[in-house]
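Please work through the following exercises with the sequence and the structure open beside you. Each task is followed by a solution that goes step by step.

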Amino acid sequence: MPDLYAYTDGACSGNPGPGGWGVLLFAKEGDKVIKERELKGGSEHTTNNQMELMAAITALETLGKPSAITVVTDSSYVKDGITSWIFGWKKNGWKNASKKPVKNADLWKRLDEATKRHQVTWEWIKGHAGHAENERADELARAGMEPFKP
């Protein structure tokens, strides 16, 4: 059975402003990539965090069947949110530690739902640090933003 990976990234021109998300999905057997797929999209008025979330959501929602997958993100917001903060938010009725509504709760709920079908391992890597797959995800995110730029 191949190992599945999703490298995800979001981009925004202005924050808020036009934005894009990108996903590089691939399956590996050992060191050999056996299948690869690129996904991208965007929005006219969004934030960087929303695009980071949309990349992760799309990566998981795209998988046709329940899978074990490693999602690699350069967003500590996404990784920390889904692996730690979300448990308190859900317990507190989608309120943060300051008792205020969680920002992007609709997207967090969608990501939470998307993770339920899969066995997800979350990894954080430093962005713009020479990771080839992360750079490709960033290029896809910027390409996803292009149609929405003035």
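The exercises below concern a predicted model, and they go from backbone geometry to the packing of side chains.

**Exercise 1. Backbone of the loops**

Task: Find which peptide bond is cis, in the step from Asn15 to the residue after it, and state where that proline lies.

Solution: Begin with the omega angle, which is near 15 degrees for the bond from Asn15 to Pro16, and this peptide bond is cis. Then place the proline among the strands: Pro16 belongs to the loop that runs between β1 (3-12) and β2 (17-29).

Task: For Lys99 and Asn104, decide which is buried and which is exposed.

Solution: First locate the two residues: Lys99 sits in the loop between α2 (76-91) and α3 (105-116), and Asn104 is placed in the loop between α2 and α3. Next look at the backbone, where Lys99, a residue other than glycine, has a positive phi near 65 degrees, while Asn104, likewise not a glycine, has a positive phi of about 65 degrees. Finally apply the cut-offs: exposed means over 50%, so Lys99, at 63% relative accessibility, counts as exposed. Buried means under 20%, so Asn104, at 14% relative accessibility, counts as buried.

**Exercise 2. The hairpin**

Task: Describe how β2 and β3 pair, and what the turn between them contains.

Solution: Start with the pairing, which is antiparallel and extends over 12 bridges between β2 and strand β3 (residues 32-46). One facing pair is Glu29, which stands opposite Lys32 in β3. The two strands form a hairpin with two residues between them, and Gly30 in the turn has a positive phi of about 65 degrees.

**Exercise 3. Helix α2**

Task: Compare the span expected for α2 with the distance between its end C-alpha atoms, and then find where α2 bends.

Solution: At 1.5 Å a residue, the 16 residues of α2 should span 22 Å, and because the end C-alpha atoms are 21 Å apart, the two values agree. The helix nevertheless bends by about 60 degrees at Trp85. As a further step, list the residues of α2 that are buried: Tyr77, Val78, Gly81, Ile82, Ile86 and Trp89. The cover over these buried residues includes α1, β4, α3 and β5 (119-124). Just after α2 comes Gly93, with a positive phi of about 65 degrees.

**Exercise 4. The nonpolar cores**

Task: In the largest nonpolar core, identify the residues that touch the most other members, and state which element supplies the largest share.

Solution: This core holds 29 residues, of which Val23, Trp108, Leu111 and Trp122 touch the most other members. At least two residues of the core come from each of β2, α1 (48-62), β4 (68-73), α2 and α3. The largest share, eight residues, is supplied by α1. Taking Leu111 as a worked case, and not counting residues up to four places away in sequence, one finds that Leu111 touches Leu53, Ala56, Ile57, Leu60, Val78, Ile82 and Trp122. A second, separate core has six residues, among them Tyr7, Phe26, Val72 and Ile125.

**Exercise 5. A buried aspartate**

Task: Decide whether Asp138 is buried or exposed, and state what its side chain contacts.

Solution: Asp138 is found in helix α4 (residues 132-145). Its relative accessibility is 7%, and therefore Asp138 counts as buried. The side chain of Asp138 makes a polar contact with the side chain of Arg142, at 2.9 Å. Leaving aside neighbours within four places in sequence, Asp138 is also in contact with Asp9 and His128.

Definitions and conventions. Residues are numbered from 1 along each chain as its sequence is written. This is a predicted model: local features need pLDDT of at least 70, side-chain atom pairs count only at pLDDT 80 or more; totals for chains, interfaces and linings use all residues. Side-chain values use heavy atoms; hydrogens and water are left out. Helices (H or I, at least four residues) and strands (E, at least two) are DSSP runs, numbered from the N terminus. Buried means under 20% relative accessible area, exposed over 50%, partly exposed in between (1.4 Å probe, protein chains only). A nonpolar core is a set of buried Ala, Val, Leu, Ile, Met, Phe, Trp, Tyr and Cys residues joined through side-chain atoms within 4.5 Å. Contact means heavy atoms within 4.5 Å. A polar contact is a pair of N or O atoms within 3.5 Å; within protein, one must be able to donate a hydrogen and the other to accept it, and residues adjacent in sequence count only if both atoms are side-chain atoms. Two strands pair if DSSP finds at least two bridges between them. The expected span of a helix is 1.5 Å times one less than its number of residues. The bend at a residue is the angle between axes fitted to the seven residues ending there and the seven starting there.
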